[in-house]
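Reader: I would like to go through some of the labels used for this model. Please give the reasoning behind each one.

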Amino acid sequence: MPAVLGLNFHHDTAAALVVDGRIYAAEEERWSGDKHNHPTRKGTLTTPTRALHWCLEAAGIEPEDVDAVWAASMRPNPAAGWWLAEEREELAALLPAPLGENLRLLSHHTAHVLSGYLLSGHEHAAGLVIDAGGSSLGSDFGPGRERITGYDLWPDHIDRLHQGMPAVMPGPVGPRRVHSSLGHFYRNLARRVIPPGDEPEGSMMALAAFGDPQRYGAHVRELVRLGDEGAVRIDHPWGSADSSTPLLLDGRAWTADNVAEQPEHKRADLAAAVQEVFAESVVHIARHLQRLTRASTLVFSGGCALNSHLNGQLAADSGFDTLFVAPAPHDAGTAVGAALYGWHYQLGQERVPVPTDAAWGPNPGALPTTTVPPGYHALPHLGLGLPAAVAALLAEHRIVGWVQGQLEFGPRALGHRSILAHPGHATTRDRLNAIKKRASYRPFAPAVLTEHATEWFMSASDPFMNRVATVRRCRADRVAAVIHHDGTARVQSVAADHQGLRDLLEQFRDLTGLPLLLNTSFNRKGAPILRTAEQAVAAAVDLRLDALAVGDTLLLADHVPDPRAASAGTR
C-alpha cells in the first residue's frame with residue numbers, strides 16, 4: 001500500500017497524503033484559525049503540524065510507513081543551483097524522522113499544475129500557472145522566480161515550454177531589476193480599489209461588475225503591454241507589491257492609504273478596467289500555449305486561477321475545448337500536487353480517480369446535544385429525515401448552517417461546511433452579506449444538481465465552484481439571490497455521488513421546483529471555514545442562523561417552527 005506525503009510550508013500551509021489511491025488533505029488554518037496561515041514575517045516557514053498529524057491518523061499509518069515526501073520549493077533569488085540542497089535541509093529539519101530524511105523538493109509551479117492535471121482525467125493537456133511568484137529559476141532561466149509558466153503535460157512526462165517573466169518597463173520611478181507578475185499587478189490595483197478589512201482581490205472582482213471598463217481602460221492598458229509569443233510587459237511598480245506609489249487618474253492620486261476617499265462608482269470603474277485587462281492578458285498567454293501544445297484541454301492553477309470571472313472567460317476565449325481549474329488552485333493545493341507527483345511520476349502508480357468533490361479532510365465530530373445554547377433546541381436522531389426537514393426550512397427562506405461529512409479542502413465551501421439559503425429572493429443575499437459582514441456588492445454562489453445545470457446556466461459549471469457562468473434570462477427572476485450584477489453566477493455542480501449536498505438538493509427541488517441552493521462558506525469574517533461541530537454551534541449562535549444541521553441532528557432556533565410536519569406533508 002504505497003503512501004506519499006505532500007507538504008506546503010509557506011502561506012496556506014497544508015498537508016496531503018495519498019495512500020492506496022485515496023487522498024487525505026487538510027489546511028493548517030482549519031486548526032490555527034489564522035486564515036491563509038500567514039507567517040508573522042515574510043519568508044518565515046510554518047509546518048502544517050496538525051494537518052500532517054491528521055492525515056497520518058486518518059490513513060491509519062505511521063511516519064515510517066510513508067514511502068516518499070515532497071514539498072514545493074520557494075527559495076528566493078538564488079545565484080545558482082545550490083539553493084535546493086540548502087532549502088531541503090531547512091525544511092527537513094522541521095519534520096519528524098523519518099519524514100525529513102525522505103523529503104525532496106518540487107518546483108512551486110509544477111506542484112500547482114499537477115494539483116490540477118493529475119486530477120483532471122485528461123491524457124494530454126496544456127498547463128498554465130500564474131501567481132505572484134513561485135520557485136527561484138536559477139541558472140536554467142536566469143535570475144528571477146516563476147511568474148507565468150506553461151507546460152505540455154502527459155502521463156509519462158512533463159515539459160516546461162513557456163516561462164514568462166513579465167519584463168519591467170520604465171515607470172514613474174524608473175526601471176527596476178526585478179520581474180513583475182500578473183498576480184502582483186491584480187493585487188496591487190485591488191489595494192487601491194478595496195478599503196482595508198475586505199479581501200482585496202475577491203472584492204475587486206465582485207465590484208468590477210458594477211463599473212464601466214472604458215472609463216479607465218486606456219490608462220490601465222498603458223500599464224500592461226502584450227507582445228509576441230505570449231509575452232507580457234508591466235510598467236513598474238504596478239506589477240510589484242508596491243501599493244504606495246500614486247496611480248494618477250482624473251487628476252487624483254490613488255494609493256492603498258487613501259482608497260476609502262475615492263467614490264465607490266469610480267472604484268468600480270477602475271476595478272472593471274483592471275479585470276478586463278487582466279483577463280485579456282491571461283487569454284493572450286493561453287492562446288500562445290494552445291499554439292505550442294495543440295492540446296484540447298487547458299489545466300489552470302496558481303493564485304490567479306481563483307479569479308472565477310477570468311476562468312469563465314478562459315473557457316470561452318482561450319481556444320481550448322475544455323478548461324479544468326485545479327480543485328484548490330491556491331498555494332495549499334501545492335501540497336496535493338506534490339503528493340500526486342510522488343504517487344504517479346516517482347512510484348509509477350495509476351492516477352487517482354477524477355474527483356467530483358474535494359471532501360478530503362476530517363469529520364466534524366458529534367453535535368453536543370447536552371449543551372444546547374440558549375435560544376435553540378435540538379432535534380436529534382433524524383436519520384434519513386434530516387434532508388427533508390432542512391429542505392422544508394430552506395423552502396421557508398430560513399438560513400441554515402450545514403455541517404456534513406469530511407471537511408472540504410480549498411477556499412470554497414462545497415457543501416460540507418456551508419451556510420445554505422433559498423436562492424429566490426435578493427433580500428436573502430442582503431441579509432447574508434450583513435450576517436457575514438461583507439460588502440453589499442459581493443455575490444453568493446449557487447450549488448446546482450449537475451443534470452439540471454444547463455437548464456439554468458448558459459455555460460459549463462464546475463464541481464469545485466471555480467468559474468462563473470451566465471444565468472439564463474428566462475430563469476433569472478427565480479434565483480435573484482445568486483445572480484451577480486452582470487448576470488453571472490459562480491456555479492458549483494453537484495454530482496450524483498456527492499456526499500454532502502446531493503440528497504438535500506433533491507429534496508429541495510421536489511419541494512420548490514428549484515434544483516439549486518445558495519451555498520456560502522460557514523465561517524465568520526476574517527476566519528477560515530470551520531472544522532468541528534463545536535465550532536459550528538458557536539458560529540451559528542454568533543451569526544444568528546435559523547438552524548444548524550450536523551450529522552443527523554438539527555439545532556433549531558426557538559422562533560422557528562418544527563419543520564418535520566411541513567416536510568411530512570409534502571413528501
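Author: The questions below deal with a predicted model.

Reader: Why is Ser115 called buried?

Author: Its relative accessible area is 2%. Buried means under 20%. Ser115 falls under that cut-off, so the label applies. The residue sits in helix H4, which spans residues 108–120.

Reader: Which residues does Ser115 touch, not counting residues up to four places away in sequence?

Author: They are Ser301, Ala326, Pro327, Ala328, Gly333 and Gly337. Each counts as a contact because heavy atoms lie within 4.5 Å.

Reader: Where does Ser318 lie, and why is Ser318 called buried?

Author: Ser318 is in the loop between H9 and strand E15 (322–325). Its relative accessible area is 2%. The limit for buried is under 20%, so Ser318 qualifies.

Reader: What makes the Ser318 side chain a partner in polar contacts?

Author: Two distances do. A polar atom of the side chain lies 2.7 Å from the backbone oxygen of Leu314. For the backbone nitrogen of Phe320, the distance to a polar side-chain atom of Ser318 is 3.5 Å. The cut-off is within 3.5 Å, so both distances meet it.

Reader: Which residues is Ser318 in contact with, leaving aside neighbours within four places in sequence?

Author: Val283, Ala286, Arg287, Gln290 and Gln313. Gly202 is 116 residues from Ser318 in sequence, and the two are 22 Å apart in space, C-alpha to C-alpha.

Reader: Gln313 is in that list. Which residues lie nearest the centre of the second largest pocket?

Author: His309, Gln313, Val468, Asp486 and Thr488. The lining has 24 residues, and the volume is about 470 Å³.

Reader: Which elements each supply at least two residues of that lining?

Author: Helix H8 (264–293), helix H9 (308–317) and strand E20 (468–470). H9 gives the largest share, seven residues.

Reader: How do the lining residues of the second largest pocket divide by type?

Author: Twelve are nonpolar, eight polar and four charged. Val468, one of the residues nearest the centre, counts as nonpolar because Val is in that class. Asp486 counts as charged because Asp is in that class.

Reader: How do you know that strands E7 and E8 pair?

Author: Pairing needs at least two bridges. Seven join E7 (residues 148–154) to E8 (residues 157–164), so the two strands pair. They run antiparallel. One bridge links Tyr151 to Arg160 in E8. A hairpin of two residues joins E7 to E8.

How values were computed. Residues are numbered from 1 along each chain as its sequence is written. This is a predicted model: local features need pLDDT of at least 70, side-chain atom pairs count only at pLDDT 80 or more; totals for chains, interfaces and linings use all residues. Side-chain values use heavy atoms; hydrogens and water are left out. Helices (H or I, at least four residues) and strands (E, at least two) are DSSP runs, numbered from the N terminus. Buried means under 20% relative accessible area, exposed over 50%, partly exposed in between (1.4 Å probe, protein chains only). On a 1 Å grid over the protein atoms alone, a cavity is a set of points where a 1.4 Å probe fits but cannot get out, and a pocket is an open set with protein on both sides within 12 Å along at least five of seven lines; lining residues have an atom within 4 Å of a point. Grid points are joined across faces, edges and corners, and a volume is the space filled by probe spheres set on the points. A polar contact is a pair of N or O atoms within 3.5 Å; within protein, one must be able to donate a hydrogen and the other to accept it, and residues adjacent in sequence count only if both atoms are side-chain atoms.
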